Amino acid sequence: MSVERRPGVDSRSVMEMDSAYVMHTFRRQPLVLVRGEGARVWDADGREYLDFLAGIAVNGLGHAHPRLVESIQNQAGKLMHVSNLYYIPEQPLLAKKLVELSGLGKAFFCNSGAEANETAIKLARKWSYKNQGEDKYQIITALQSFHGRTMGAITATGQPKYHKGFAPMLPGFKYVPYNDISALEEAVDANTAAIMLEPIQGESGVHPASLEYMRRVRELCDAKGLLLILDEVQTGLGRTGEWFGFLHYGIKPDIISLAKTLGGGFPIGACVASNRVADAFEPGDHASTFGGNPLACCAALTTLQVMEDEDLIGNAKRVGAYFKSALESIKSKTGAITDVRGLGLMLGAELAGGNAQQVAAECLKRGLIINPIGLDVIRFLPPLIIGEVDVDKAVKILQDSIAGSTA
Ligand SMILES: Cc1ncc(COP(=O)(O)O)c(C=O)c1O
């Protein structure tokens, strides 16, 4: 492990200052990251790590991709922000690109996944209000889902632990078990406007929707005149080996939410909808001061262009399959892993030992960043540029760490 010290910044002093001045909303790992390049990051004490979390599915191009850095530097020197009261050339360019990739109609830009979901919820309600009357407001979401931390997004999130202490939640939401079409059919009532799902539930442990379920959900929406909102904040933009998660299912949603990979590390979110739905929004219905600013749009345009030029979608599919089979081989050969789930470079492994937190801590000691979820799941979200050599290194560290934490 190479050591590159940064004078004046050491991990301990950063952690102490953070504890004193930053609100304690995060359960942070004892790691202070100060630099990144490709699939590697370095901490304040000069230790190098292989990054198999990529800012939780954000750094699709890896860290400090030269084209993204150059494009942000150029745009920052030209124009960073102007109000959405005026036209911003990069905004329709980015919207057109997302429309072409998704087959949907129009985009709205914001700054995060939660805001993209707020936009989706408001748009679904506005469309239903205009087209089907004021009683159509209810959004059905899945248990164990995750949609973000604003009040609308935590209400949509079907996990009581995120609601605790923040009551009352927004009215007009209902939750059903994921991948259970009968439960969903039963839940739809006269007030239902939309169904909102993740193609793969990420935060609760990498649980993909089944093909049959997703198709039947689309049919149900068509039969009942409901909108299908897919939260593609984590699954979108190449993560699963396709541009969007929904492309694995041969269906088309009415609305999608995007963020994470979109800006390659620069904050930007988007809600993209079919024209029929998007046109329900009128001037004044929704807005964001920073949403779609020239710098964020420029970062996103460059990110998408690099993804195309470097075939990162193909890479996610190929290297994802290679990684998945390596995890499956640990499962069949050692039994230390009991289940491997996910698509492309969004993978989850369930550990026999129920010691995901310990295994992740051991990995960190050995220079690998991964994400433990609950007692037994490890989530892997490496940058989309990752290669097989780094996957081999990560798998070796994982195996050593599993052995080290059961010894
Ligand atoms: C599926 C999904 N939706 C929404 C969000 C919230 O995104 P943000 O943290 O950018 O608000 C996340 C974040 O992890 C997510 O995974």
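Student: How many residues surround the ligand?

Tutor: Happy to start there, and do keep in mind that this is a predicted model. The closest residues to the ligand are S112, G113, A114, G148 and V233. Counting the whole shell around the ligand, the total is 15 residues.

Student: Which helix gives the largest share of the shell around the ligand?

Tutor: By class, the shell holds 5 nonpolar, 7 polar and 3 charged residues. A single helix, spanning residues 113–132, supplies 3 residues, the largest share. That helix is α5.

Student: Are α11 and α13 roughly parallel or antiparallel to each other?

Tutor: Look at helix α11 (residues 312–334) and helix α13 (residues 388–406): their axes lie 10 Å apart and make an angle of about 25°. Angles under 35 degrees count as roughly parallel. The two helices α11 and α13 are therefore roughly parallel.

Student: Which residues of α13 make the contact with α11?

Tutor: On the α11 side, the contact uses V319, Y322, F323, A326 and I330. Taken together, the contact of α11 with α13 has 7 nonpolar, 1 polar and 1 charged residues. From α13 come E388, V391, V395 and Q399.

Student: And how are α3 and α10 oriented, roughly parallel or antiparallel to each other?

Tutor: Helix α3 (residues 66–78) packs with helix α10 (residues 294–309) at about 155°, with the axes 9 Å apart. An angle over 145 degrees counts as roughly antiparallel. So α3 and α10 are roughly antiparallel.

Student: How many nonpolar residues does the contact of α3 with α10 have?

Tutor: In α3 the residues are R67, L68, S71, I72, Q75 and A76, and they meet P294, L295, C298, A299, T302, T303 and V306 in α10. Of these, 4 are polar and 1 is charged. The nonpolar residues number 8.

Student: Which strands stand at the edges of the open sheet of 4 strands?

Tutor: Good one to trace by eye: the order is β13-β14-β17-β16, with antiparallel pairing. An edge strand here has a single partner strand, so one of its sides is left without a neighbour in the sheet. The edge strands are β13 (337–343) and β16 (371–373).

Student: What is the bridge partner of P372 in β17?

Tutor: Strand β17 covers residues 377–380 and runs antiparallel to β16, joined by 3 bridges. Within β17, the partner of P372 is I378.

Student: Which strands does helix α12 touch?

Tutor: Elsewhere on the sheet, α11 lies across β13 and β14, running at about 165° to β13. Helix α12 (residues 356–365) also packs on the sheet, its direction making about 170° with that of β16. The strands α12 touches are β14, β16 and β17.

Key: Residues are numbered from 1 along each chain as its sequence is written. This is a predicted model: local features need pLDDT of at least 70, side-chain atom pairs count only at pLDDT 80 or more; totals for chains, interfaces and linings use all residues. A residue is near a molecule or strand if its C-beta atom, placed from the backbone, lies within 6 Å of it. Ala, Val, Leu, Ile, Met, Phe, Trp, Tyr, Cys and Pro count as nonpolar, Asp, Glu, Lys and Arg as charged, and the others, Gly among them, as polar. Axes are lines fitted to C-alpha atoms, for helices over the stretch in contact, and angles run from 0 to 180 degrees between N-to-C directions. Angles under 35 degrees count as roughly parallel, over 145 as roughly antiparallel, 65 to 115 as roughly perpendicular and the rest as oblique. Two residues are in contact if their C-beta atoms, placed from the backbone, lie within 7 Å. Two strands pair if DSSP finds at least two bridges between them.
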